[in-house]
Amino acid sequence: MPFQDPVDETRFAEAFRRARLLGLALCYGTIIPYVVVWFLAAFNGDGALLKEALEGAYPLPLDRPVVLTLLALATAELAAVPFVARGFAAQARRQTDLSRALQRLLNGHVIACALLEAVAVYGLVMGFAEGPGTAPLTLAMLLVPAVAYPFLVHGEPTWRAVAETVVGGANRG
């Protein structure tokens with residue numbers, strides 16, 4: 001439902017559009033370059049070698065400390081995303097000014113997206129450090145931001161609910 005004041009609606013729409021663009025850039029725009037760089041560096045552009053790796057021709061090095069560390073870091077960051085998003089939304093609800101509330105939501109959105117992108121970066125590092133054996137894990141981690149973004153990062157309904165709370169004065173004494 002639109003805000004009563006058209007200025008508030010415009011500010012909301014601009015802030016949400018900015019957040020969505022940043023989220024799309026971080027969670028989708030980086031994936032193709034990462035995959036291309038990984039493919040060229042780890043497989044010398046050889047599609048047959050990549051296919052073999054994805055089919056399990058190389059042992060998955062789950063006993064390697066680098067792999068275990070990167071998987072642990074990726075899991076922790078992925079698990080943190082909903083908490084970060086909720087924390088920033090809660091801070092935004094306590095604001096008395098719509099601009100400040102929208103800035104809090106935007107900050108939370110960007111941080112949540114950066115955490116998701118970090119998972120892809122860890123996958124990229126794993127692919128470089130441990131070679132073709134990690135291809136299935138690397139590819140899965142590179143896809144995490146694109147798959148998780150719509151599920152873990154707040155969308156327009158949450159943003160609107162928070163903004164309406166602030167504009168409606170529900171948080172004022």
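**Exercise 1.** In this predicted model, determine whether W38 is buried or exposed, and then classify the ring pair that W38 forms with F43.

*Solution.* Begin with the accessibility of W38, whose relative accessible area is 2%; since buried means under 20%, W38 is buried. Turn next to F43, which has 0% relative accessibility and likewise counts as buried. For the geometry, recall that a pair of aromatic rings is described by the distance of the centres and the angle of the planes. The ring centres of W38 and F43 are 5.3 Å apart and their planes stand at 85°; because an angle over 60 degrees counts as edge-to-face, the W38 and F43 pair is edge-to-face.

**Exercise 2.** Classify the ring pair of Y28 and Y149, and state which helices the pair ties together.

*Solution.* The first step is again geometric: the centres of the Y28 and Y149 rings lie 5.9 Å apart with the planes at 90°, so this pair is edge-to-face. The second step places the residues, for Y28 belongs to helix α1 (residues 6-29) and Y149 to helix α6 (residues 135-152), so the contact ties together parts that are 121 residues apart in sequence. The third step concerns exposure: Y28, with a relative accessible area of 33%, is partly exposed, whereas Y149, at 3%, is buried.

**Exercise 3.** State how many aromatic pairs the model holds, which residues ring pairs link into a cluster, and which ring the charged end of R86 sits over.

*Solution.* The count comes to five aromatic pairs. Ring pairs join F3, F12, F16 and W159 into a cluster. Finally, the charged end of R86 sits over the ring of F83, at 5.1 Å from the centre of that ring.

Notes. Residues are numbered from 1 along each chain as its sequence is written. This is a predicted model: local features need pLDDT of at least 70, side-chain atom pairs count only at pLDDT 80 or more; totals for chains, interfaces and linings use all residues. Side-chain values use heavy atoms; hydrogens and water are left out. Rings of Phe, Tyr and Trp (its six-membered ring) pair if their centres lie within 6.5 Å; planes under 30 degrees apart count as stacked, over 60 as edge-to-face and the rest as tilted. Helices (H or I, at least four residues) and strands (E, at least two) are DSSP runs, numbered from the N terminus. Buried means under 20% relative accessible area, exposed over 50%, partly exposed in between (1.4 Å probe, protein chains only). A charge sits over a ring if NZ of Lys or CZ of Arg is within 6 Å of the ring centre and within 35 degrees of the ring normal.
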